[in-house]
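The following paragraphs lead the reader through a protein structure, one region at a time. Please keep the sequence and the model in view while reading.

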Amino acid sequence: MQFIISREGLLRPLQQICGVLTNRPTVPILSNVLLKIQGNLLSITGTDLEVELSTQTQLISATEEGCYTIPGKKLLDLCRSFPENAEITISFEKERAIIRSDRIKFALSTLPSEEYPNLADWQSEVEFNIPENRLYHLIDATQFSMANQDARYFLNGMKFETEGNLLRSVATDGHRLAVCTISLEKELPNHAVIVPRKGVLELLRLLTNSDNTTVVQIGSNNLRVNLGNITFTSKLIDGRYPDYRRVLPRNATHLIESNWEMLRNAFARMAILSNDRVKAIRLLISENQLKITATNQEQEVAEETIDVNYQGEEMEIGFNVSYLLDVLNVLKCQQVRFRLTDATSSCLIENIEDDTAEYVIMPMRI
């Protein structure tokens, strides 16, 4: 059996698929991608048992249909090495794949396609359409708050929940919380799942800022997103996510409003001299003024005062400046609002003109 494909027709799908493959898989076949030939269409699938990606590309010709596996990253490297506009012929003989282009020839070992794991057979419980750019915004607005290798495994991912016509993403690492809510065109049952960190970041990598319609399917064990000719599937984390609503400080009495760019630039300057380990800065809030200070182990000091809109009693509070910058870098707005209760309670940060996203940061002792 053999098929012929253009270099460009094979290169881009392989680049997308090989992103999910692990460098040191526990099972040898996980280094391979699954090739499925149907007519003049080639389907390529890669998985690490947590995330699965599948895409289709057009063949120039094929002698017959069938399924095969081939080392994914080796095939990608070979494809990159071929000249532009080259035609690649791949044939399969027993336990080897022969890759030819002009006078170039490679032989790669293969493994039986029947052994390739598959996440495909499952039933969705919730299904809806959403523009690709809105799904990108929903994930990008909260992904930075996910935990990384936390012992509380359910924090190493993002919660997605449907509630009526609302779709919400939630991420927290125990020190900060990010929540983003958008509306959909249809009513959905109340449902919540946790997508693992790798799945979230892989999906974000695939999404673009286009308004193309994507189809999202949520089942009991998997989440699937259909992006044109790319199908993304992720296993879900089985766990109970914290109740984020209890963390949101709804009754904050101290409101600080500031120009986003001025505040972000001030925090970025303070971060230069903040303590390398804890990244703490001190905020002294007084009427229409915010004084920011930072120190480090070398007793170096940074200090800046900016004008803000604030009416209330003086307050002093400390924060991790990296957490503040993460929020402001995602908001990218004109005016930002901080909601505070006291020096020991959490702070809520939001875009004044857009209430779809809310961010909570716990204070630091200073």
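Strand β17, which covers residues 280-286, runs antiparallel to strand β18, residues 289-295, and 5 bridges join the two. Within this pairing, R282 of β17 stands opposite T293 in β18. The two strands form a hairpin with 2 residues between them, and N288 in the turn has a positive phi of about 60 degrees. The model described here is predicted, and the values quoted for it are computed from that model.

Strand β18 also pairs with strand β19, residues 301-307, in the antiparallel sense, over 7 bridges. T295 has V301 in β19 as its bridge partner. This second pair likewise forms a hairpin, with 5 residues between β18 and β19; here Q299 in the turn has a positive phi of about 65 degrees.

One residue of β17 may be considered further. S286 belongs to that strand. Is S286 buried or exposed? S286 has a relative accessible area of 17% and therefore counts as buried, because the limit for a buried residue is under 20%. Leaving aside neighbours within four places in sequence, S286 is in contact with Y310 and E314.

Attention now turns to the sheets. One open sheet consists of 8 strands in the order β6-β2-β3-β4-β15-β14-β13-β10, with antiparallel pairing. Its edge strands are β6 (66-71) and β10 (124-131), each of which pairs on one side only. From one strand to the next, the twist averages 20 degrees. Inside this sheet, strand β2 (residues 32-38) and strand β3 (residues 41-47) run antiparallel and are joined by 5 bridges. K36 stands opposite S43 in β3. Helix α1 packs on the sheet and touches β2, β3, β4 (51-58) and β15 (230-235). The direction of α1 makes about 170 degrees with that of β4.

A further open sheet has 5 strands, arranged in the order β5-β1-β7-β8-β9 and paired in the antiparallel sense. Which strands lie at its edges? They are β5 (61-62) and β9 (104-109), each pairing on one side only. Strand β1, residues 2-6, pairs with β5 in the antiparallel sense over 2 bridges, and I4 stands opposite S61 in β5. Helix α1, residues 7-18, lies across β1 and β7 (87-93) and runs at about 90 degrees to β1. Helix α1 thus appears in the description of both sheets, touching strands that include β2 and β3 in one and lying across β1 and β7 in the other. Helix α2, residues 72-81, also packs on the 5-strand sheet, where it touches β7, β8 (96-101) and β9. The direction of α2 makes about 175 degrees with that of β9.

The interior of the model can be approached through its nonpolar residues. In soluble globular proteins, nonpolar side chains tend to be buried together. In this model, the largest nonpolar core has 101 residues, and those with the most contacts inside it are F3, I99, F267 and I349. Which residues surround I349? Leaving aside neighbours within four places in sequence, the contacts of I349 are L324, V327, L331, V336, R337, F338, A357, E358, Y359 and I361. Another core, of 13 residues, lies apart from the largest one; V170, L177, I237 and L248 are among its members.

Strand β12, residues 176-196, contains T181. The relative accessible area of T181 is 19%, so this residue is buried. The side chains of T181 and R168 are joined by a polar contact of 2.9 Å. Beyond neighbours within four places in sequence, T181 is in contact with L138, L166, L167, R168 and T356.

The cysteines complete the account. A disulfide is a covalent bond between the sulfur atoms of two cysteines. How many disulfides does the structure hold? The number is 0. For C67, the nearest cysteine sulfur is that of C18, 18 Å away. C67 is partly exposed, with a relative accessible area of 34%. For C180, the nearest cysteine sulfur is that of C333, 13 Å away. C180 is buried, with a relative accessible area of 0%.

Note on methods
Residues are numbered from 1 along each chain as its sequence is written. This is a predicted model: local features need pLDDT of at least 70, side-chain atom pairs count only at pLDDT 80 or more; totals for chains, interfaces and linings use all residues. Side-chain values use heavy atoms; hydrogens and water are left out. Two strands pair if DSSP finds at least two bridges between them. Helices (H or I, at least four residues) and strands (E, at least two) are DSSP runs, numbered from the N terminus. Contact means heavy atoms within 4.5 Å. Axes are lines fitted to C-alpha atoms, for helices over the stretch in contact, and angles run from 0 to 180 degrees between N-to-C directions. A disulfide is a pair of cysteine sulfur atoms within 2.5 Å. Buried means under 20% relative accessible area, exposed over 50%, partly exposed in between (1.4 Å probe, protein chains only). A nonpolar core is a set of buried Ala, Val, Leu, Ile, Met, Phe, Trp, Tyr and Cys residues joined through side-chain atoms within 4.5 Å. A polar contact is a pair of N or O atoms within 3.5 Å; within protein, one must be able to donate a hydrogen and the other to accept it, and residues adjacent in sequence count only if both atoms are side-chain atoms.
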